[in-house]
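Colleague: Could you take a close look at one part of this model and describe it in a connected way? Please give the cut-off behind each term as you come to it.

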Amino acid sequence: MTGAEPKVTLELALASGLTGEEYDRIIRRLGREPSYTELGLFSALWSEHCAYKHSRVFLRGLPTTGPAVLQGPGENAGIVDLGGDLALTFKIESHNHPSFIEPFQGAATGVGGILRDIFTMGARPIAILDSLRFGSFDDPKTRRLVEGVVSGISWYGNCFGVPNLGGEVKFAPEYAGNPLVNAMAVGLVRKDRIFRARAEGPGNPVFYVGAKTGRDGIHGATMASATFDEGAEERRPTVQVGDPFTEKLLLEACLAAMATGAVLGIQDMGAAGLACACSEMPARAGTGMEVELSRVPQRESGMTPYEIMLSESQERMLLVAQRGREEEIRQVFARWELDAVEIGRVTADGILRVAMHGQLVAEVPVRALADEAPVYEKPTARPAWQDKLAEFDPLSLPAPADLGGALVTLLGSPGIASKEWVYRQYDMQVGINTLVMPGSDAGVLRIKGTRKAVAVTTDCNSRFVYLDPRAGAAMAVAEAARNLAVSGARPLGLTDCLNFGSPERPEILWQFKEAVAGLAEACRALEIPVVGGNVSFYNETLGQAILPAPVVGMAGLIDEAESRRTQWFEQEGDRIALLGPDDVSLGGSEYLWIAHGKVAGRLAPLDLGQERRVHEACRAAIAAGLVRSAHDCSEGGLGVTLAESCISGPRSLGASVELPAAGTRADLELFGEGPSRVIVSVPPEAERHFERLMGEFALPWRWIGRVGGEVLVIRRGGEQAMAVPLDRMAEAWRSGFERHVA
Amino acid sequence: MNFGVVVFPGTWSDCDFHYVISEVLHQPVRYVWHRDSQLADFDCLILPGGFSYGDYLRVGAVAGRSPVVEALPEFVAKGGVVLGSCNGFQILCESKLLPGALMRNECLQYRCQSTFLRVENAETSFTRAMRQGQVLKMPISHGEGKFYADAETLRRLRDQNQIVFRYAAEDGRVVKDANPNGSLDNIAGIINEEGTVLGLMPHPERASENAMGGTDGLLIFHSLLGSLVEDGSFLKR
């Protein structure tokens, strides 16, 4: 078998994505040249995607512990405590590269992969979210990508049977050659039924379970660790093909197998497939593993050991069971008509031995593969463009003559417009837990058998991150936490998906370093631990890097599900208050982009202490039943936020808003964006109580108007700045996405 | 009343029906595996939503030939009733327990949304707790829910009052705009000639609690509970 394999040379190592230095390091570690299969193992496990070579030094700065954390980073997914005997597991992951090459399957398998990460922990998935970024919405290629990606997510999630609870869809020309497809999954697990990806107990059998192995996806991890050139289309064979039906069977079979008590550890075969699972599982447990590849169920003939180890065929797991209980495992999987084959056993010596028909093809210390990839601290350099971007003063541009018209244009722009066209293609209710569907600030799920609910969101404003990586990333955390706060939830933890260009460019690595520092600062100040995540580098095509996107996925707890709130006004006569500071900026705003096609300027300042007080005040008012609605004030500023509160609910309601005569320009005050701001509506009978409660929090806030009528009227210093009828706003907002994109 | 919720590989509304029947209605309920054909213990069997066998062939085609479905004619002949929702309706059509077929939505996309249904026949075991012409709110979630039947079948469905639910506007008007999938004649649910097998695309189990946005789905269960008489048979009218 090995006789047919190519001879390993430096050239071959370079072609497989390793550097010359890394190749030397492998030879030194093994004390010999690696075999062809061994080279494949190293190239996959030491790829950026699996080893975090360029990011690891920076990620160490993230806070990962806290009273609610049951599992931090390093496992398939993080876990936080929900109180009682339940816990929540969640993780976000990118599938950017595959989705560009083949949008439908790329996005579908992104969903499949993140779902497996959740149910390997012993959890039943209860929600997915998707954070998507595409090129300009007027680019015809964008349309094809949006349709492909959305239908891929729809197909996989719907067939599998998990509700979609939200996410984002954003557009910027920098994503034209590199769309971002980040999928987050959330699962519910009993604390005494948490499983980990560890190969414990020498002598225990190793089972391969799930779908058969084919040649699809070989080198997917390596592909995700390089930038794109014109040849991207030729890489279609590296994209895997999904089968949500098999995944559903795998879910049920895995949970049933876990319930028998015979399962000791389990890992998803995702990136780098068997290679990754067979080295990481023993590495975590301080054991070794031997496997016989001829036993691996295969759907193609003549596959080489190299191909079998590196295949990224979907819907497969590696499972370690208790010796003597093999039959229980086999019976469970047979009931679900899935393969469950014993392909090897756990050993004590820390070595991974891979054989094909009894002949050894690889013999490598598991730690060398899983833990000893080089860690780089590559140079970073503040890009020259940062100062130039910050210099720009948006107020040097003329103010719009028609503020109402500008508002309607913003409401109809695809970044702000209703995303109903997207989410009506997703099942949002299966599992009958959904209390708040997509379309409000956060999705909310009840926890059956308790009075609690869980709120989930994903957020990132990549224009902000581009203009100021540190503040922009901190604002992503702040916005996610605010979206939970306005729903009535207290954040329990976050997962991050860090999408950046090539880390080998000092400017990009500087963006990364700054962004991670910003995430860390915000997480510390708001006391939200990072429990897992994913780094996606090399999001570049032909040297064009994306706008950096450290996407934050966050989950929080609502103690009384009944107290949850949504973003839309509900009752005529309710009083409207604005919580938070007046500091806003048109720098990096949606308005500046839509009206003037510019991404430039300075961001409004972020005061994390004040941010936190706003969240606390908001949660306290919601828990006390003093507010009828609460909405995060973000993209599009105060104007868009008020409009959304008027038109996004089941019934449209107008509002009359009176702002003081300020020294600022109207476009800045109405469309300027800044952190820490929330709009709430308060029933008249609760006004006094609300005022007293706000007095307990040291934060700026004021009444700005009342709900009612058929028009959104905004006056400044007694003069009417705009008066826009509800149906005009609603028409623009409801049809905007489809008109531009679909 | 003894409910059975059938589980095929790929079914996903099974747990939701089970939850509503046991936790909301407090009735005895058990899962029924697709290979089982011993159905004598049950009064009502439910074929829930999902993607049985991935729906990789035609929707419902493989499940329509499973042991449990093949045992259904005998089950209803002995007095049982069958409720198929979503994929369950597709399976009932595939197995010829109900006439017609369910095809790809006219918009060619999956649709998950709230719909309004007008009750067209309130005199069945499944609808006796409703009023003729009553408008119910119930969500749909499917990619292939466009009901089709040939002219002769449609005429028979109409003549024999077998059309039980039609998609309608909130005020009960049966109009094209209220039809989410292009169904023939706005048909959302039909019943067999004997009144023992009901299929509908909407999800009653997702409309059975106030927390989920409404309880109109419960009316189906209440109808069934009110139809079961002491000797274990169902009132057909």
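**Helix packing and sheets in chain A**

Modeller: Helix H7 (residues 103-119) of chain A lies across strand E3 (86-94), strand E4 and strand E6 (180-190) of chain A, and H7(A) runs at about 25° to E6(A). The model is predicted, with local features needing pLDDT of at least 70 and side-chain atom pairs pLDDT 80 or more, while totals for chains, interfaces and linings use all residues. Residues are numbered from 1 along each chain as its sequence is written, and chains are lettered from A and ligands numbered from 1 in the order of writing. Helices (H or I, at least four residues) and strands (E, at least two) are DSSP runs numbered from the N terminus; axes are fitted to C-alpha atoms, for helices over the stretch in contact, with angles from 0 to 180 degrees between N-to-C directions.

The sheet beneath H7(A) is open and has six strands in the order E1-E2-E3-E6-E4-E5 of chain A, with mixed pairing (strands pair if DSSP finds at least two bridges between them). Strand E1 (69-71) and strand E5 (164-171) of chain A stand at its edges with a single partner strand each, so one side of each has no neighbour in the sheet. From one strand to the next, the twist of this sheet averages 20°. At the E5(A) edge, E4 (residues 124-134) of chain A pairs with E5(A) in the parallel sense over seven bridges, and Arg133(A) has Lys170(A) in E5(A) as its bridge partner.

Further along the chain, another open sheet of six strands takes the order E14-E15-E16-E21-E17-E18 in chain A, and its pairing is mixed. Here strand E14 (434-436) and strand E18 (530-536) of chain A are the edge strands, and because each has a single partner strand, one side of each is left without a neighbour in the sheet. The twist in this sheet averages 20° between one strand and the next. Strand E17 (residues 490-499) of chain A runs parallel to E18(A) and is joined to E18(A) by six bridges, with Thr495(A) standing opposite Gly532(A) of E18(A). Helix H20 (residues 506-526) of chain A packs on this sheet, where H20(A) touches E17, E18 and strand E21 (549-558) of chain A, and the direction of H20(A) makes about 180° with that of E17(A).

Chain A also holds a helix pair that deserves a look: helix H16 (residues 403-411) and helix H23 (residues 637-647) of chain A pack at an angle of about 70°, their axes lying 10 Å apart. That angle makes H16(A) roughly perpendicular to H23(A) (65 to 115 degrees; under 35 is roughly parallel, over 145 roughly antiparallel and the rest oblique). The crossing of H16(A) with H23(A) is right-handed, that is, the near helix is turned clockwise from the far one by less than a right angle. On the H16(A) side the contact is made by Leu407(A), Leu410(A) and Leu411(A), and on the H23(A) side by Gly639(A), Val640(A) and Ala643(A), where contact means C-beta atoms, placed from the backbone, within 7 Å. Sorted by class, this contact of H16(A) with H23(A) comprises five nonpolar residues, one polar residue and no charged residues (Ala, Val, Leu, Ile, Met, Phe, Trp, Tyr, Cys and Pro are nonpolar, Asp, Glu, Lys and Arg charged, and the others, Gly among them, polar).

Finally, chain A meets chain B through 20 of its residues, which are in contact with 22 residues of chain B.

Terms used. Contact = placed C-beta atoms within 7 Å.
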